[in-house]
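Me: Please take a close look at a single part of this structure, and walk me through it in one connected account. I would like the cut-offs behind each term to be given along the way.

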Amino acid sequence: MTGNQWGYGKDDGPSAWNTNYPVADGDRQSPIDILPHQARHDPNLGPIVLNYDRCTSINIANNGHSVVVEFEDSDDRSVIQGGPLDNPYRLKQFHFHWGGKGCHGSEHTVEGNSYASELHLVHWNAVKFKTFGEAASTSDGLAVLGIFLETGDEHRWLHMITDALYTVKFKGSVTDFKGFNPKCLLPSSLHYWTYLGSLTTPPLHESVIWIVVKEPMIVSEKQLGKFRTLVFTGEEEDERTRMENNFRPPQLLKGRTVRSSN
Ligand SMILES: NS(=O)(=O)c1ccc(C(=O)N2CCc3cc(O)c(O)cc3[C@H]2c2ccccc2)cc1
Ligand SMILES: [Zn+2]
């Protein structure tokens with residue numbers, strides 16, 4: 001995966017991705033604009049259950065597209081289950097998408113409104129697949145939990161992430177990041193919308209069961225600003241391109257149904 005041929009700029013951004021990744025124009029692309037009143041309330045949709053108590057974070061990294069925290073996924077120590085999922089899905093990593101100063105940067109939107117940022121907790125079906133890569137390229141191999149970030153009061157735990165961002169300023173930097181449990185980032189209610197979609201970055205595989213939580217987490221403008229101290233470029237490169245607006249805009253629904261938990 002040489003992720004360096006795509007980006008979020010004018011020439012290599014989302015509108016150009018279909019050149020190298022034709023699935024970009026596919027029938028189940030993500031993100032989407034969610035219309036709550038058109039979502040089908042499904043009483044059979046149970047609650048989302050997160051068993052993260054024995055989760056093991058490994059490191060935090062700048063992969064040139066976002067800041068990513070990776071987890072140990074060699075067993076079922078941290079899984080998501082319930083809701084629309086038939087199996088437990090293992091937590092692999094989480095990362096964020098955000099905007100520029102004062103601009104919004106979520107990927108999913110709600111009735112055309114975008115949030116300041118969006119957190120993605122990426123899980124894979126280790127019951128049906130042997131590796132993340134295999135799951136990520138097969139329908140419903142992944143389950144991504146999306147959490148909106150809205151600006152307001154300071155988030156009491158997000159500093160554990162933002163305080164580490166200076167150590168991964170440049171693309172390709174990785175530092176140890178142990179003992180972090182992302183459960184501390186979740187809003188109080190896990191009511192959600194769910195639909196079948198794709199990765200929102202190349203290779204845009206149509207392999208994702210999306211679970212988008214309705215209630216945003218509240219973070220301060222100051223905390224969000226720290227994400228913008230990262231750069232897309234490597235330390236050895238001349239230019240320093242600020243990492244911001246790393247979001248794909250909403251894609252066509254193409255007849256898909258969005259279901260709503262209660
Ligand atoms: N935004 S998202 O849809 O939630 C998303 C989910 C997973 C991934 C992911 O884990 N990876 C692996 C790291 C990676 C690095 C890249 O440079 C890149 O272009 C894509 C990824 C994706 C990825 C997923 C599946 C196959 C290959 C790569 C990325 C984004
Ligand atoms: Zn993402």
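Reply: The account below takes the metal site as its centre and then turns to its surroundings.

This is a predicted model, in which local features need pLDDT of at least 70 and side-chain atom pairs count only at pLDDT 80 or more, while totals for chains, interfaces and linings use all residues. Residues are numbered from 1 along each chain as its sequence is written, chains are lettered from A and ligands numbered from 1 in the order in which they are written, and side-chain values use heavy atoms, with hydrogens and water left out.

The zinc ion (ligand 2) has as its protein donors NE2 of His95, NE2 of His97 and ND1 of His120, which lie 2.0 Å from it. Donors here are N, O and S atoms within 2.8 Å of the metal (3.2 Å for Na, K and Ca), and sites may look incomplete because water is not among the atoms. Around the zinc ion (ligand 2), the 4 donor atoms subtend angles of 99 to 116°, and the arrangement is therefore tetrahedral, a label given to four donors if all angles lie between 85 and 135 degrees.

Along the chain, the donors of the zinc ion (ligand 2) are spaced as H-x1-H-x22-H. Distant parts of the chain are linked by the pair His97, in strand S7 (residues 89-98), and His120, in strand S9 (residues 117-124), which are 23 residues apart. Strands (E, at least two residues) and helices (H or I, at least four) are DSSP runs, numbered from the N terminus. His97 has a relative accessible area of 2% and so is buried, and His120 also counts as buried, at 1%; buried means under 20% relative accessible area, exposed over 50% and partly exposed in between, with a 1.4 Å probe and protein chains only.

His97 has a further partner in Ser117, a residue of strand S9. A polar atom of the Ser117 side chain lies 2.7 Å from the backbone oxygen of His97. A polar contact of this kind is a pair of N or O atoms within 3.5 Å; within protein, one must be able to donate a hydrogen and the other to accept it, and residues adjacent in sequence count only if both atoms are side-chain atoms. With a relative accessible area of 1%, Ser117 is buried.

The zinc donor His95 leads on to ligand 1, since a polar side-chain atom of His95 lies 3.3 Å from a nitrogen atom of ligand 1. Oxygen atoms of ligand 1 also take part: one lies 2.9 Å from a polar side-chain atom of His65, and one is 2.9 Å from an N or O atom in the side chain of Gln93. Taken alone, ligand 1 exposes 600 Å², of which the protein buries 85%, with accessible areas taken from the Shrake-Rupley method with a 1.4 Å probe and, for residues, only the protein chains shown counted as cover.

There are 18 residues around ligand 1, of which Trp6, His65, Gln93, Leu199 and Thr200 come nearest; a residue is near a molecule if one of its heavy atoms lies within 4 Å of it. The elements that give two or more residues to this shell are S7, S9 and helix H2 (132-136), and the largest share, 3 residues, comes from S7. By class, the shell has 10 nonpolar, 8 polar and no charged residues, where Ala, Val, Leu, Ile, Met, Phe, Trp, Tyr, Cys and Pro count as nonpolar, Asp, Glu, Lys and Arg as charged, and the others, Gly among them, as polar.

Terms used:
Tetrahedral: all angles 85-135°; square planar, octahedral: opposite > 155°, others 65-115°.
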